[in-house]
Amino acid sequence: MFCYFMCVIKLTLFPIVMLGLPANIKNSVHLIPFRGGIQKTDFLNLLMTIPLGIGTPFIAPIYNIKQSALLGLFTGITIEILQYLETFLTGGYSHRITDSNDVIFNFLGCLLGFLALSAFSSFFRRLPKERLSPFWNYVHTVCSNIHLF
């Protein structure tokens with residue numbers, strides 16, 4: 001998960017470009033959802049957070065959809081606040097945009113990831129635990145704790 005988090009940080013915060021861009025701090029905030037329709041970046045935000053919904057139960061005690069939803073919302077809001085701070089601290093010279101759609105699609109990606117893990121868990125729980133290697137035994141234990149509500 002460390003590599004996943006480093007990739008998310010790289011995709012959402014770097015590179016910090018400060019030369020040759022006009023000051024755009026007012027134009028870099030989009031608070032009205034779906035104002036420009038659904039863009040390619042919305043789909044990419046969804047894809048970026050699906051692994052978060054799948055992987056988090058293996059490193060933290062997040063075993064139901066409510067906890068996963070809160071994680072997705074917190075992640076989306078945190079990324080957007082950091083992008084706004086980047087724009088603010090560079091004097092408006094940034095190509096990052098703080099967008100409410102990003103929060104929505106980060107949230108949905110985390111939920112989809114958790115739902116995929118939940119579907120996988122219902123299948124995986126049926127396997128006999130006694131014949132599994134230690135790694136798959138751990139996966140079985142985590143999957144046994146997964147429930148939607």
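Hi everyone, let me start with a pocket: the lining of the second largest one has 10 nonpolar, 4 polar and no charged residues. Here Ala, Val, Leu, Ile, Met, Phe, Trp, Tyr, Cys and Pro count as nonpolar, Asp, Glu, Lys and Arg as charged, and the others, Gly among them, as polar. Please keep in mind that this is a predicted model, where local features need pLDDT of at least 70 and side-chain atom pairs pLDDT 80 or more, while totals for chains, interfaces and linings use all residues. Residues are numbered from 1 along each chain as its sequence is written, and side-chain values use heavy atoms, without hydrogens or water.

Back to that second largest pocket. Phe5, Val8, Ile9, Thr75 and Ile79 lie nearest its centre, and helix 1, helix 2 and helix 3 each supply at least two lining residues.

Now, how do the residues lining the largest pocket divide by class? There we find 7 nonpolar, 10 polar and 6 charged. Nearest the centre of the largest pocket are Thr41, Asn45, Ile97, Asp99 and Asp102. Helix 2 gives the most to this lining, with 5 residues.

So what about helix 2 itself, residues 40-55? Asn45 turns up again, among its buried residues; buried means under 20% relative accessible area with a 1.4 Å probe, protein chains only. The buried residues of helix 2 pack against helix 1, helix 3 and helix 4, contact being heavy atoms within 4.5 Å.

Last stop, helix 5: Val139, His140, Val142 and Cys143 are buried there. They cover an arc of only 165° around the axis, so they sit on the same side of helix 5; the arc is taken from the directions from the helix axis to the C-beta atoms. These buried residues pack against helix 4. Thanks, everyone!

Definitions and conventions. Buried means under 20% relative accessible area, exposed over 50%, partly exposed in between (1.4 Å probe, protein chains only). Helices (H or I, at least four residues) and strands (E, at least two) are DSSP runs, numbered from the N terminus. On a 1 Å grid over the protein atoms alone, a cavity is a set of points where a 1.4 Å probe fits but cannot get out, and a pocket is an open set with protein on both sides within 12 Å along at least five of seven lines; lining residues have an atom within 4 Å of a point.
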